[in-house]
Amino acid sequence: MKKITLLFLLSISFSFGQVLSEDFEAGLAVPLDWTNNDIAGGGETWTVATGGEAVGFAPPNTLYYDNTIVGNYALFDSDGFGGAPSPAEEAALESPAFDATTIAGTIQLSFDNFFTAGYGGAGFVEVYDGFSWIQVASYAGADQNASSIGLVEIDVTAELAAATNAQVRFRWVGDYAWGWAIDNVVVDQGPSCFVPSDFVAESITSTTFELSWMDANPGTSMWEFEIGPELFTQGTGTPITGVTGSPYTFMGLTPNTVYDFYMRTNCDGGNGDSDWVGPLSFRTSRDCVADASSTFNTNDFVDDTILDCFDFEDTDGISPIWSFNTGINDLDGDGATDQFLVVFPQGAGETEKDDWLFSPQINMTAGNNYPISVIYNAFDLNSVANESFELLIVDEQSSTAAYQNVLGTYSNVAQSGVFGDTGGNDLITQANTAFETFSPPGDGAYYVAVRATSTGSANLLMVLNIIVDETLSLTEFDSNNFSYSYNKNTDQLTLESSNSTFDAIEMFSILGQNVISRKLSNQNEVIDLSSLTDGVYLATININGNSKTIKILKQ
């Protein structure tokens, strides 16, 4: 089940009884009346930053400014402190004391929040009631997808109603994780009806979307939505009223489509309605069955929506597992980040990995042959990489699939190339290719599976591309007495057919880039490969409507 924390903007009403306000605009230093408490004692503390570049996301970016933060902001940059030997981080940014008893009615703490989750970092929001610190919110998560972003409003009446020397603090705990940015910290008189918060998207399908949320209002509230296409103007969408509880499921949606919606709380007891929250955005997933075809190439897709149809299984029960890496690493030094699938190592002394990666559905026909290429590499993260995996065809995205055909076993996979090298010795150009052919026993849906089996405290195994082609029966094709040869001295590929003329040739790099596409008309053809860099290529040859894919090592 996929869970996505939603990004949102919030319309804010002016409120009264303000006793604390800090926007960090006085300069690039922690305000003098705030305390930078280095609890761990390692010298890693909060700073004040500007520029809007979010920790944990590919630079350059302005994600802080794009979502919630303006100007200067307080920042704990765990990633920036690095992993040098020191105590694990624990540092709190503590406000000056204020008298909360001067606020009549609800006491509300609000702040703009951008917590980047991952690598064990955690954030705690706490208030001081004159005697002890009390936690009122916390943030954590396995990776950036669990980040917490947007305006936060917390009812702290129960904690601070009697506090004449109240305080607020933001306490970070971690060790070389990502980071936490906050801005516009305010304690004031809250509204009578609080906005919903902590939105989580669950059970997203191609036609439905389930939303859960939290609500701090007492009594029995109701909620209402307005939903429409991406960037619609509020007031022109479809209203949904009388929602009685969380979660709520939107239904009848269009596959692979972005929707915006607004939401507010209808409070009981004469407290009226909250402000609108929005727009919040979500995207329905692809229709993986309708989109399936008889061929597949990860790089045919220009965005990440193809991941809707991949699946992963943590069979060994030990995190981390297979994940999609995008917008972070530049493997070939060309200045653009690369997308690839990666499985991280087990901890020292743990059992061997047993983590499965499943491709989207591929519709195969009995009697036809399917050349399958998996482009892979390793990375020396902790020591010298020594990875292993199995390449399989299965009939469902499960390690217990009824049909499992092991096409190949690959061991002692070491790093090939240099991370970020710009001279042709990079991790992409020097990647390995697992090239196998599969003939299905019957018509139906099949999936390419990569089962990571590395042992001990291994390193990174990366899958850069999966390519599945389709050819007709080899017997049909080979009846033409087809043959080929490559001469590395002349850089020429020679094709020969005794019975029929060739129709066309297409050649692809190991990452699926079409490097040669040419019509042919003779029984003997010579293809000049001198313009191609050295490496592995896949060539699809066509004769009389039949095709065959061959692997060529140019050197």
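**Entry 1: Thr116**

I began with the side chain of Thr116, which reaches the backbone oxygen of Val55 at 3.0 Å. The model I am reading is a predicted one, so I note this distance as a value computed from a prediction. I then looked up where the residue sits, and found that Thr116 lies in strand E7. Is Thr116 buried or exposed? With a relative accessibility of 0%, Thr116 counts as buried, because the cut-off for that class is under 20%. When I set aside the neighbours within four places in sequence, I found Thr116 in contact with Val55, Gly56, Phe57, Gln144, Ser147, Trp178 and Gly179. Val55 therefore appears twice in my notes, as a contact of Thr116 and as the residue whose backbone oxygen the buried Thr116 reaches with its side chain.

**Entry 2: the chain as a whole**

Next I stepped back to the chain, for which I noted 555 residues, 48% of them counted as buried. The secondary structure comes to four helices and 38 strands. Along the principal axes, the C-alpha trace spans about 95 × 55 × 40 Å. I also looked up how contacts are spread along the sequence: among those between residues at least 6 apart, 72% join residues at least 24 apart.

**Entry 3: the nonpolar cores**

Which residues touch the most other members of the largest nonpolar core? I found that they are Trp46, Leu109, Phe111 and Phe170, in a core of 35 residues. At least two residues of this core come from each of the strands E5 (73-77), E6 (89-94), E7 (107-116), E8 (122-128), E9 (133-139), E10 (148-155), E11 (167-174) and E12 (179-189). Apart from this core lies another, of 32 residues, which includes Phe310, Leu341, Ile393 and Tyr446. I add a general remark: in soluble globular proteins, nonpolar side chains tend to be buried together.

I then followed Phe170 on its own, leaving aside neighbours within four places in sequence, and found it in contact with Trp34, Trp46, Ala91, Ala92, Leu93, Phe111, Phe124, Val125, Trp180, Ile182 and Val185. Two of the names in that list, Trp46 and Phe111, I had already written down among the residues that touch the most other core members.

**Entry 4: the cavity**

How many cavities of 30 Å³ or more are there? The count comes to one, and the largest cavity has a volume of about 40 Å³. I listed the residues that line it as Thr298, Asn299, Phe324, Gln339, Phe340, Leu341, Val463, Leu464 and Asn465. Strand E23 (340-343) and strand E31 (460-468) each supply at least two residues of this lining, and the largest share, three residues, comes from E31. Sorted by class, the lining has five nonpolar, four polar and no charged residues. I also marked Leu341, which belongs to the lining and is named in the core of 32 residues.

**Entry 5: Gln415**

I looked for Gln415 and found it in the loop between strand E28 (404-413) and strand E29 (432-438). Gln415 is partly exposed, with a relative accessible area of 24%. Its side chain reaches two backbone atoms, the nitrogen of Asp380 at 2.8 Å and the oxygen of Gly417 at 3.0 Å. Leaving aside neighbours within four places in sequence, Gln415 is in contact with Asn377, Ala378, Phe379, Asp380, Ala385 and Leu427. From Gln415 to Asn432 there are 17 residues in sequence and 9.6 Å in space, C-alpha to C-alpha.

**Entry 6: backbone details**

Most residues other than glycine have a negative phi, and most peptide bonds are trans. With that in mind, I looked for places that depart from the rule.

Where are the cis peptide bonds that I noted? One joins Ser246 and Pro247, with omega about 5°, and Pro247 is found in the loop between strand E16 (238-243) and strand E17 (248-250). Another runs from Gly278 to Pro279, with omega near 0°, and Pro279 is found in strand E19 (residues 277-283).

I also noted positive phi values of about 50° at Asn184 and at Ser203, neither of which is a glycine. Asn184 is found in strand E12 and, at 26% relative accessibility, counts as partly exposed. Ser203 has its place in the loop between strand E13 (197-202) and strand E14 (209-214), and at 29% relative accessibility Ser203 counts as partly exposed too.

Definitions and conventions: Residues numbered from 1 in each chain as written. Predicted model: local features only at pLDDT ≥ 70, side-chain atom pairs only at ≥ 80, totals over all residues. Heavy atoms only, no water. Core = buried A, V, L, I, M, F, W, Y, C linked by side-chain atoms within 4.5 Å. Buried < 20%, exposed > 50% of the residue type's maximum accessible area, 1.4 Å probe, protein only. Contact = heavy atoms within 4.5 Å. 1 Å grid on protein atoms, 1.4 Å probe; cavity = no way out; pocket = protein on both sides within 12 Å on 5 of 7 lines; lining within 4 Å. Points joined across faces, edges and corners; volume = space filled by probe spheres on them. Nonpolar A, V, L, I, M, F, W, Y, C, P; charged D, E, K, R; others polar. Polar contact = N/O pair within 3.5 Å; in protein donor to acceptor, adjacent residues only side chain to side chain.
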